[in-house]
Amino acid sequence: MVKIVHVAGPGNSGKTTSIKKYLEYHGIVINHGGDVLLALPIKRGSKSLVLGVASGGDTANIVRRNFKFFMSTQCDVIVCASKSRGGSFNEVGQQAQNMNSTVHQIWTVPVSTGTDAACDKIADEIDQNVS
């Protein structure tokens, strides 16, 4: 069963920044300002897994595209983002249901500029839930 770690929140609440910080914890630095879509092998203890990551999720169509990529790369664990309500949020739930997968929700909140601590906290929560 695929595990889904879903980062949800309003626009500009640190979803992409938090996901990029999570990747940085594991030596993957994304130097561009855009969204991330990737799959890579990781080790968690003695387990070898395929991790899928998508920081873009503003629309249901983007979420569907991301999940199509995750399925094509046979991800064991997915870290994805969406808005906190509406079509993109509902689409993550629909995709999880289609995959018979569990979802762990992580909520962001609107924050002011310079919120490294808030994004670090979310990145830590992502890390704790990727297993």
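This briefing covers the cores, the enclosed helix α1, the largest pocket and several individual residues of the structure above. The model is predicted. Its largest nonpolar core has 21 residues, and a second, separate core has 12. The largest pocket has a volume of about 180 Å³. Helix α1 is largely enclosed by the rest of the structure, because 8 of its 11 residues are buried.

**Nonpolar cores**

- Within the 21-residue core, the members that touch the most other members are L51, V53, V79, I126 and V130.
- At least two residues of this core come from each of β1 (3-8), α1 (15-25), β2 (37-44), β3 (47-54), β4 (77-82) and α4 (116-129).
- The second core, which is separate and has 12 residues, includes V2, C80, A96 and M99.
- I126 is in contact with V5, V7, S18, I19, Y22, V79 and I106, leaving aside its neighbours within four places in sequence.

**Helix α1**

- The buried residues of α1 are K15, T16, S18, I19, K20, K21, Y22 and L23.
- Among the elements that cover these buried residues are β1, β2, β3, β4 and α4.
- I19 and Y22, two of the buried residues of α1, are also among the contacts of I126.
- Just after α1 comes G27, with a positive phi of about 80 degrees.

**Largest pocket**

- The largest pocket, with its volume of about 180 Å³, is lined by 13 residues.
- Closest to the centre of this pocket are G11, N12, K15, T16 and D58.
- By class, the lining holds 9 polar residues, 4 charged residues and no nonpolar ones.
- K15 and T16, which belong to this lining, are also listed among the buried residues of α1.

**H6 and S82**

- H6 is found in strand β1, and S82 is found in strand β4.
- H6 counts as buried because its relative accessibility is 1%, under the 20% cut-off.
- S82 counts as buried as well, because its relative accessibility is 0%.
- The side chains of S82 and H6 make a polar contact at 2.6 Å.
- The side chain of H6 also makes a polar contact with the side chain of Q105, at 2.9 Å.
- Leaving aside neighbours within four places in sequence, H6 is in contact with C80, A81, S82, F89, V92, V103, H104, Q105 and I106.
- On the same basis, S82 is in contact with H6, V7, A8, G9, K15, G57, S88, F89 and V92.
- F89 and V92 therefore appear in the contact lists of both H6 and S82, contact being heavy atoms within 4.5 Å.

**G57**

- G57 is found in the loop between β3 and α2 (60-72).
- The relative accessible area of G57 is 3%, so this residue is buried.
- Not counting residues up to four places away in sequence, G57 touches I62, V63, A81, S82, K83 and S88.
- G57 and C75 lie 18 residues apart along the chain, and their C-alpha atoms are separated by 18 Å.

**D76**

- D76 is placed in the loop between α2 and β4.
- D76 counts as partly exposed because its relative accessibility of 32% falls between the 20% and 50% cut-offs.
- The side chain of D76 reaches the backbone nitrogen of V50 at 2.8 Å.
- Leaving aside neighbours within four places in sequence, D76 is in contact with M1, V2, K3, S48, L49 and V50.
- The C-alpha atoms of D76 and I4 are separated by 8.7 Å, although these residues are 72 residues apart along the chain.

**Positive phi outside glycine**

- Q74 is a residue other than glycine with a positive phi, near 55 degrees.
- Q74 is placed in the loop between α2 and β4, and with a relative accessible area of 63% it is exposed.
- N100 is not a glycine either, and has a positive phi of about 55 degrees.
- N100 is placed in the loop between α3 (87-99) and β5 (102-107), and at 60% relative accessibility it counts as exposed.

Note on methods
Residues numbered from 1 in each chain as written. Predicted model: local features only at pLDDT ≥ 70, side-chain atom pairs only at ≥ 80, totals over all residues. Heavy atoms only, no water. Core = buried A, V, L, I, M, F, W, Y, C linked by side-chain atoms within 4.5 Å. Buried < 20%, exposed > 50% of the residue type's maximum accessible area, 1.4 Å probe, protein only. Helix = DSSP H or I, 4+ residues; strand = E, 2+ residues; numbered from the N terminus. Polar contact = N/O pair within 3.5 Å; in protein donor to acceptor, adjacent residues only side chain to side chain. 1 Å grid on protein atoms, 1.4 Å probe; cavity = no way out; pocket = protein on both sides within 12 Å on 5 of 7 lines; lining within 4 Å. Points joined across faces, edges and corners; volume = space filled by probe spheres on them. Nonpolar A, V, L, I, M, F, W, Y, C, P; charged D, E, K, R; others polar.
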